[in-house]
Amino acid sequence: MRIAIDGMGGDNAPAAVVEGAVLAAREFGYDIILVGDNELLHKELFKKRSVPKNISVYHAPEVIGMDEPAAISVRRKKKSSIVIGANLLKEKKADAFVSAGNTGAVVCAVTLKIGLLEGVDRPGIAIIFPTLKDLAVLIDVGANIDSKPEHLLQYAIMGDIIQRYILGRKRPKIALLNIGEEDTKGTDFIKQTHVLLNSSMLDFVGNVEGGNIYTGNCDVIVCDGFMGNVVLKVSESLAQTITIFTKRKLNMNLITKLGALLSLPAFVALKKEIDYSEYGGAPLLGVDGICIIGHGRSSAKAVKNAIREAGQFYTHQINQHIVDAIKSYGES
């Protein structure tokens with residue numbers, strides 16, 4: 001299996017990307033193609049005691065910054081690590097592409113270069129996150145902010161596939177993110193989507209409010225990219241804020257410090273459970289190839305786990321399952 005990774009993508013690139021790639025190459029045995037500035041990537045590789053033979057470098061002299069406009073940058077910077085990574089996927093020189101770079105540019109480049117799966121109208125970004133019961137899927141979190149009800153039905157189908165073949169749930173429960181649980185709540189767009197989902201063969205359990213996202217009562221939560229991105233960013237910010245508040249309170253005096261010391265194993269376990277780096281990256285679903293988008297602040301562990309996730313999508317033939325599922329819905 002050949003996985004191309006954007007060596008210049010993310011706030012901690014190229015150091016964290018190279019380290020994560022080395023870890024993945026050793027642990028999973030995949031052929032890793034580091035895409036980026038040849039000199040910088042080899043400099044980082046040189047720092048390692050030993051470099052696995054299944055790591056190679058593909059030169060890309062340009063970089064698309066995190067704050068650059070996506071479409072314009074993809075057109076102008078044809079030698080960027082993101083565009084070249086997408087090209088490797090298009091030319092079948094890589095079986096998957098992983099990037100923690102500019103999300104908009106990754107979506108734009110991959111969609112333009114390799115197109116969409118048969119039957120898919122719009123791509124969607126999914127995230128896998130922990131709830132009080134199990135792991136859940138939220139889709140879309142930013143690929144498409146101008147959605148139609150039919151797009152959300154397809155997102156539900158794709159989320160259902162992830163739960164079945166990656167997370168092992170036989171009959172995933174699907175919910176629609178809304179401002180209330182009643183069928184009459186929400187905009188016309190949401191109401192129309194509700195009708196589509198309710199008449200589908202999916203196990204649709206109705207609307208779910210923002211306050212119930214993490215209860216674990218549903219396995220796949222569907223929304224448009226605008227709402228999903230807001231949920232994602234607020235959740236990340238809240239997790240960071242709670243962590244800071246907790247540290248402040250635990251350092252108030254000797255008694256709280258002692259309590260923190262005694263509770264350390266619990267805090268370590270909690271940190272691991274809510275750490276995004278444990279779950280890899282966010283798959284860009286609906287495109288005719290495997291693309292995993294990492295967090296902009298991805299650490300080496302996050303990079304390694306994003307590569308692991310790409311391997312899982314390839315092994316379980318997720319894209320073929322999506323095509324088959326959407327085709328069966330079209331014929332029903």
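Me: In which loop does glutamine 317 lie?

Reply: In this predicted model, glutamine 317 belongs to the loop between H11 and H12. Its phi is near 50 degrees, a positive value in a residue other than glycine.

Me: Which residue in the loop between H4 and S4 should be read in a similar way?

Reply: That residue is lysine 92. It follows H4, and its phi is near 60 degrees, again positive in a residue other than glycine.

Me: Is lysine 92 buried or exposed?

Reply: The cut-off for the exposed class is over 50% relative accessible area. Lysine 92 counts as exposed because its relative accessibility is 57%.

Me: How many residues of H4 itself are buried?

Reply: Nine of the 10 residues of H4, which spans residues 81-90, are buried, and the helix is therefore described as mostly covered. The general idea for a helix concerns periodicity: with 3.6 residues a turn, positions three or four places apart point the same way. In H4 the buried residues are Ser81, Ile82, Val83, Ile84, Gly85, Ala86, Asn87, Leu88 and Leu89.

Me: Where is serine 80 placed, and which atoms does its side chain contact?

Reply: Serine 80 sits in the loop between helix H3 (70-76) and H4. Its side chain reaches the backbone oxygen of lysine 77 at 2.9 Å. A polar atom of the same side chain lies 3.3 Å from the backbone nitrogen of valine 83, a residue listed among the buried ones of H4.

Me: Why does serine 80 count as buried?

Reply: The buried class requires a value under 20%. Serine 80 is placed in that class because its relative accessibility is 0%.

Me: Which peptide bonds should be read as cis?

Reply: The angle to inspect is omega. The bond from alanine 13 to proline 14 is cis, with omega near 0 degrees, and proline 14 is found in the loop between S1 and helix H1 (15-28). The bond from isoleucine 139 to aspartate 140 is also cis, with omega near 10 degrees. Aspartate 140 is found in the loop between strand S6 (135-139) and helix H6 (149-165).

Me: How do strands S7 and S8 run, and how many bridges join them?

Reply: When reading a strand, one may recall that side chains alternate between the two faces of the sheet in a regular strand. Here, S7 (residues 173-177) and S8 (residues 203-208) run parallel and are joined by four bridges. Within this pairing, isoleucine 174 stands opposite phenylalanine 204 in S8.

Me: What unit do S7, H7 and S8 make?

Reply: Together with helix H7 (residues 188-198), the two strands make a β-α-β unit, and its hand is right-handed.

Me: How many cavities of 30 Å³ or more are there?

Reply: The general approach is to roll a probe the size of a water molecule over the atoms, which shows where empty space is left. In this model the count comes to three cavities of 30 Å³ or more. The largest has a volume of about 80 Å³.

Me: Which residues lie nearest the centre of the largest cavity?

Reply: Val98, Ala100, Gly294, Ser298 and Val303 lie nearest the centre, out of 14 lining residues. Strand S1 (2-6), strand S4 (96-99) and H11 each supply at least two residues of this lining, and H11 gives the most, with three. By class, the lining holds eight nonpolar residues, five polar and one charged.

Me: What lines the second largest cavity?

Reply: The second largest cavity contains about 40 Å³ of space. Its lining consists of Pro283, Leu284, Leu285, Gly289, Ile290, Cys291, Ile292, Phe313 and Asn319. The elements giving two or more residues to it are strand S10 (282-285) and strand S11 (290-293). Seven of the lining residues are nonpolar, two are polar and none is charged.

Me: What is the volume of the second largest pocket, and which residues are closest to its centre?

Reply: The volume of the second largest pocket is about 330 Å³. Of its 16 lining residues, Asp288, Gly289, Ile290, Tyr314 and Asn319 are the closest to the centre. Helix H11 (300-315) and helix H12 (318-331) are the elements that give two or more residues to the lining, and H12 gives the most, with four. The lining divides into eight nonpolar, four polar and four charged residues.

How values were computed
Residues are numbered from 1 along each chain as its sequence is written. This is a predicted model: local features need pLDDT of at least 70, side-chain atom pairs count only at pLDDT 80 or more; totals for chains, interfaces and linings use all residues. Side-chain values use heavy atoms; hydrogens and water are left out. On a 1 Å grid over the protein atoms alone, a cavity is a set of points where a 1.4 Å probe fits but cannot get out, and a pocket is an open set with protein on both sides within 12 Å along at least five of seven lines; lining residues have an atom within 4 Å of a point. Grid points are joined across faces, edges and corners, and a volume is the space filled by probe spheres set on the points. Ala, Val, Leu, Ile, Met, Phe, Trp, Tyr, Cys and Pro count as nonpolar, Asp, Glu, Lys and Arg as charged, and the others, Gly among them, as polar. Two strands pair if DSSP finds at least two bridges between them. A crossover is right-handed if, with the strands pointing away from the viewer, the path from the first strand over the helix to the second runs clockwise. Buried means under 20% relative accessible area, exposed over 50%, partly exposed in between (1.4 Å probe, protein chains only). A polar contact is a pair of N or O atoms within 3.5 Å; within protein, one must be able to donate a hydrogen and the other to accept it, and residues adjacent in sequence count only if both atoms are side-chain atoms.
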